Amino acid sequence: MTRDLESSLVETAYARWAPIYDAVCGPVMVKGRRAAAAAAREVGGKILEVGVGTGLSFDDYDASTEVTGIDLSAPMLAKARAKMASGRYPHVKAVYQMDAHELDFADASFDCVVAQFVITLVANPERVLSECHRVVKPGGRIILVNHLYSEVGFAAALERWAAQRTRGLGLRPEFPFARLQAWAQSTQDAILLERRKLKPFGIYTLVSFQRHDQAPSPNQTDHNHAAA
Ligand SMILES: C[S@@+](CC[C@H](N)C(=O)[O-])C[C@H]1O[C@@H](n2cnc3c(N)ncnc32)[C@H](O)[C@@H]1O
C-alpha cells in the first residue's frame, strides 16, 4: 500500500535539492520536460506550471505562451526568480509560492496546466488533478510527465523496493498509471487523451487530459479506457 508523502516532507526535501537541482536533475529529466512543454505549446496561450521548481522549463516555452508558475518550495522558487531576473524569459509572467492542493486562481483561468515530475510527489494526487481541472478552461488540457510504475514484473518489484528508501528525498517511484486513469473516469468533463512513453527507453510517460466543454458523449467516455 502506497503511503502519500506529506507536504512538509516535500518542502524539507526540496530545500535540500534546490542548490544542486539544475545540475543533477536538469540533464536527467530534459527529454520529459521538453515533451511536456512541446505538448503545452500546441495548446498555447496561458499556461500554469504546477511545481515549477527552479524554472528549468522556462527555456522550453516561447512568445506564443504566457507562463505562470507555482511551487511549494521557497528555495526552488528563488532559483526560478533568479532566472526570470536575467530578462531571458519575457514569456514568464510570475511565479508564486502556493500549494497545488489549493490553487489560488479562479475557475477556468488557464488554457493549459502542466505538471512535470510533480503529480507522483504530492500528498493527494487526485485533489491536485481536480484543482488543475478546475483552473483549466473548458477545452483546455492538463499535461503530466513522470516516471510511472511498471505495475508488473521485475521492474515493479524493484520500484517497490526503491520506494521504501527514497521517500526522504521527496521521490515516489512506484506511482501507478491506473490512479490517473481512475481520476479521469470519476471526474465530470475530464477526458484522458493520451498516454505516451517517451524516448529514450520509455522511462518517462506523458499523460494528457482534456477538460471537455460539454457533457462527454459515450464515445468520449470510452476514450478514458482506450488510452490505458
Ligand atoms: C521533481 S521537482 C520538478 C520541478 C520541475 N517541474 C522540473 O521539471 O524541473 C518537484 C517540484 O514539485 C514541488 N511540489 C511538490 N509538492 C508540491 C505541492 N503540493 N504544491 C506545489 N509544488 C509542489 C516541489 O517543491 C518541487 O519543486
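User: In this predicted model, which residue has its backbone oxygen 2.9 Å from a polar atom of the side chain of histidine 91?
Analyst: The model is predicted. Histidine 91 sits in the loop between α3 and β3. A polar atom of its side chain has two backbone oxygens to consider. The backbone oxygen of tyrosine 61 lies 3.4 Å from a polar atom of that side chain. The 2.9 Å distance belongs to the backbone oxygen of phenylalanine 58.

User: Is histidine 91 buried or exposed?
Analyst: Buried means under 20% relative accessible area. Histidine 91 has a relative accessible area of 11%. That value is under the cut-off, so histidine 91 is buried.

User: How many residues surround the ligand, and which are the closest?
Analyst: The shell around the ligand holds 13 nonpolar, 5 polar and 3 charged residues. In total, 21 residues surround the ligand. The closest are Tyr21, Gly51, Asp71, Ala100 and Gln116.

User: Which residue places a polar side-chain atom 2.6 Å from an oxygen atom of the ligand?
Analyst: Tyrosine 21 has a polar side-chain atom 2.8 Å from an oxygen atom of the ligand. In the side chain of aspartate 99, an N or O atom is 3.0 Å from a nitrogen atom of the ligand. The 2.6 Å distance to a ligand oxygen comes from aspartate 71.

User: How much of the ligand's accessible area does the protein cover?
Analyst: Take the polar contact of aspartate 71, at 2.6 Å from a ligand oxygen. Now consider the ligand as a whole. On its own it has 590 Å² of accessible area. The protein covers 98% of that.

User: Which elements each supply at least two residues of the shell around the ligand?
Analyst: Two helices and a strand are listed. The helices are α1 (7–17) and α2 (21–43). The strand is β2 (65–71). The elements are therefore α1, α2 and β2.

User: How many residues of β2 are buried, and which strands does it pair with?
Analyst: Of the 7 residues in β2, 6 are buried. Strand β1 (residues 45–50) runs parallel to β2, with 6 bridges between them. Strand β3 (residues 92–97) also runs parallel to β2, joined by 5 bridges. The count is 6 buried residues, and the partners are β1 and β3.

User: Which residue stands opposite threonine 68, and what is the handedness of the crossover from β2 to β3?
Analyst: On the β1 side, lysine 46 has glutamate 66 in β2 as its bridge partner. In β3, alanine 94 stands opposite threonine 68. From β2 the chain crosses through helix α3 (residues 74–85) to β3. The residue asked for is alanine 94, and the crossover is right-handed.

User: Which residue in β5 is the bridge partner of cysteine 112?
Analyst: β4 is mostly covered, with 6 of its 7 residues buried. It is joined to β1 by 4 bridges, running parallel, and there glutamate 49 stands opposite valine 114. β4 also runs parallel to strand β5 (residues 136–146), with 6 bridges. Cysteine 112 pairs there with arginine 141.

User: Which helix completes the right-handed β-α-β unit with β4 and β5?
Analyst: The strands β4 and β5 run parallel. The helix in their right-handed unit is α4.

User: What is the phi of phenylalanine 117?
Analyst: Most residues other than glycine have a negative phi. Phenylalanine 117 is not a glycine, yet its phi is positive. It lies in the loop between β4 (110–116) and α4 (125–135) and is buried at 11% relative accessible area. Its phi is about 60°.

User: Where is aspartate 189, and what is its phi?
Analyst: Aspartate 189 lies in the loop between α6 (177–185) and β6. It is not a glycine, but its phi is positive. The value is about 70°.

User: What separates the C-alpha atoms of alanine 190 and aspartate 213?
Analyst: Alanine 190 is in strand β6 (residues 190–197). It is buried, with a relative accessible area of 5%. Aspartate 213 is 23 residues apart from it along the chain. Their C-alpha atoms are separated by 9.6 Å.

User: Is leucine 180 buried or exposed?
Analyst: Leucine 180 lies in helix α6. Its C-alpha atom is separated by 9.9 Å from that of serine 208, 28 residues apart along the chain. At 1% relative accessibility, leucine 180 counts as buried.

Technical notes. Residues are numbered from 1 along each chain as its sequence is written. This is a predicted model: local features need pLDDT of at least 70, side-chain atom pairs count only at pLDDT 80 or more; totals for chains, interfaces and linings use all residues. Side-chain values use heavy atoms; hydrogens and water are left out. A residue is near a molecule or strand if one of its heavy atoms lies within 4 Å of it. A polar contact is a pair of N or O atoms within 3.5 Å; within protein, one must be able to donate a hydrogen and the other to accept it, and residues adjacent in sequence count only if both atoms are side-chain atoms. Accessible areas come from the Shrake-Rupley method with a 1.4 Å probe; for residues, only the protein chains shown count as cover. Ala, Val, Leu, Ile, Met, Phe, Trp, Tyr, Cys and Pro count as nonpolar, Asp, Glu, Lys and Arg as charged, and the others, Gly among them, as polar. Buried means under 20% relative accessible area, exposed over 50%, partly exposed in between (1.4 Å probe, protein chains only). Two strands pair if DSSP finds at least two bridges between them. A crossover is right-handed if, with the strands pointing away from the viewer, the path from the first strand over the helix to the second runs clockwise.
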